[in-house]
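Hi everyone, thanks for coming. I'll walk you through one protein model today, starting at its surface and then working through some pairs of residues. Have a look at it while I talk.

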Amino acid sequence: MLVIVVGGGRTGSHLAGLLLAGGHDVRVVEDRPAVVELLRRDLPAEAIVPGDGADPDVLERAGIRGAAVVAAVTGDDEDNLVVATLARFEYSVRRVIARVNNPRNAWLYTPEMGVDAAVNQADLMAKLIAEEMSLGDMTILVKLRRGEVSLVEERIEAGAAADGSAVRDLPLPGGCTLAAVIRRGEVLTPRGETVLLAGDELIAVARADQQAQLSALLRRA
């Protein structure tokens, strides 16, 4: 999935580097020539899109119509809000994250302005994007008990251990509970005899330390 980072300063370049290191498709939009030159020293050429991130033509050149996440991290709150509004309401980007520069402007960073989450630290933003994008294939739907337990969703891959297995035969981590199976748009209640199939989406309740083990059952080795 594609992440577009608008703003190539320290925050934007650091964020882009973290995401690229994780193997994700990233485009950094920056209009200051000197900053663009600095970006070219650290990032692949294809990841850099020179231009004004508040310009729809530039955003389209960056691939916004296919973007899963837009992170507006310029040093100007007005620009970040313009980018967020365009991303959400013009291009229907699923997740929009924006940097707050002046805490007095934080009240403007609302869903009505297109902002899903307002943050101001690159590391925190990278973590949030990772969760919202489902880095790997597992989506965290809801965090419970202060993040110790989550409601998660993941699709079964063909050839995975879960593909063709009955629920009762699936070696789930202790305490991990299947809540639902979504098959071709229908919600099924998982019972012991329910046979899981490739393409099914499982919704489960799992502790943070169980999620990797659960995911391994749902992916092809």
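Okay, let's begin with charge. Asp31, Asp52, Asp76, Glu78 and Asp79 together form a negative patch on the surface. Before I go on, please keep in mind that this is a predicted model.

Let's pick one member of that patch, Glu78. You'll find Glu78 in helix H4, which covers residues 77-90. Is Glu78 buried or exposed? Its relative accessible area is 58%, and the cut-off for exposed is over 50%, so Glu78 counts as exposed.

Glu78 also has a partner to look at. Asn105 sits 27 residues from Glu78 in sequence, and their C-alpha atoms are 9.2 Å apart in space. Asn105 itself belongs to the loop between E5 and E6. With 23% relative accessibility, Asn105 is partly exposed.

Now let me zoom out for a moment. The protein chain has 6 helices and 11 strands. It contains 221 residues, and 45% of them are buried. The chain exposes about 11,500 Å², with carbon and sulfur atoms supplying 50% of that. And here's a number about how the chain folds back on itself: take the contacts with a separation of 6 or more, and 59% of them are between residues 24 or more positions apart.

Next up, salt bridges. How many are there in this model? The count comes to 10. I'll go through three of them.

The first one I picked is Arg32 with Glu30. Their closest N and O atoms are 2.8 Å apart. The two ends sit in quite unlike surroundings: Arg32 is partly exposed at 43% relative accessibility, while Glu30 is buried at 4%.

Then there's Asp116 with Arg88, where the side chains meet at 2.5 Å, N to O. Where are these two in the chain? Asp116 is in the loop between strand E5 (95-99) and strand E6 (117-119), and Arg88 is in helix H4, so this salt bridge ties together parts that are 28 residues apart in sequence. Remember helix H4? That's the helix that holds Glu78 too. As for Asp116, its relative accessible area is 29%, which makes it partly exposed.

My third pick is Arg155 with Glu201, a salt bridge at 3.0 Å, N to O. This pair joins distant parts of the chain: Arg155 is in strand E8 (residues 149-155) and Glu201 in strand E11 (residues 201-207), 46 residues apart. Arg155 is partly exposed, with a relative accessible area of 47%. One more thing on this topic: Arg88, Arg95 and Asp116 are joined into one network by salt bridges that share partners.

Let's turn to a backbone detail. Ser92 has a phi near 55 degrees, which is a positive value in a residue other than glycine. You can find Ser92 in the loop between H4 and E5. Ser92 is exposed, at 59% relative accessibility.

Now for some residues in other parts of the chain. Thr11 is in helix H1, residues 10-21. Thr11 has a relative accessible area of 14%, and buried means under 20%, so Thr11 counts as buried. Along the chain, Thr11 and Gly75 are 64 residues apart, yet their C-alpha atoms are separated by 9.0 Å.

Leu170 is another buried one, with a relative accessible area of 7%. Its place is the loop between E8 and strand E9 (177-183). What does Leu170 touch, if we skip residues up to four places away in sequence? The answer is Ala161, Ala162, Ser165, Leu196 and Leu217. There's also a C-alpha distance to look at here: Leu170 and Leu214 are 44 residues apart along the chain and 9.9 Å apart by that measure.

Last residue, I promise: Arg40. Arg40 lies in helix H2, residues 33-42, and is partly exposed with a relative accessible area of 47%. Leaving out neighbours within four places in sequence, Arg40 is in contact with Ile48 and Pro50.

So, if you want one place to start looking on your own, try helix H4: Glu78 of the negative patch is there, and so is Arg88, which pairs with Asp116. Okay, that's my tour, and I'm happy to take questions.

Note on methods: Residues are numbered from 1 along each chain as its sequence is written. This is a predicted model: local features need pLDDT of at least 70, side-chain atom pairs count only at pLDDT 80 or more; totals for chains, interfaces and linings use all residues. Side-chain values use heavy atoms; hydrogens and water are left out. Helices (H or I, at least four residues) and strands (E, at least two) are DSSP runs, numbered from the N terminus. Buried means under 20% relative accessible area, exposed over 50%, partly exposed in between (1.4 Å probe, protein chains only). Contact means heavy atoms within 4.5 Å. Accessible areas come from the Shrake-Rupley method with a 1.4 Å probe; for residues, only the protein chains shown count as cover. Patches are made of residues with over 30% relative accessible area and no salt bridge: like charges are joined within 9 Å, nonpolar side chains (Val, Leu, Ile, Met, Phe, Trp, Tyr) within 5 Å. A salt bridge is a side-chain nitrogen of Lys or Arg within 4 Å of a carboxyl oxygen of Asp or Glu. Lys and Arg count as positive and Asp and Glu as negative; His and the chain ends are not counted. The place of a charge is taken as NZ of Lys, CZ of Arg, CG of Asp or CD of Glu.
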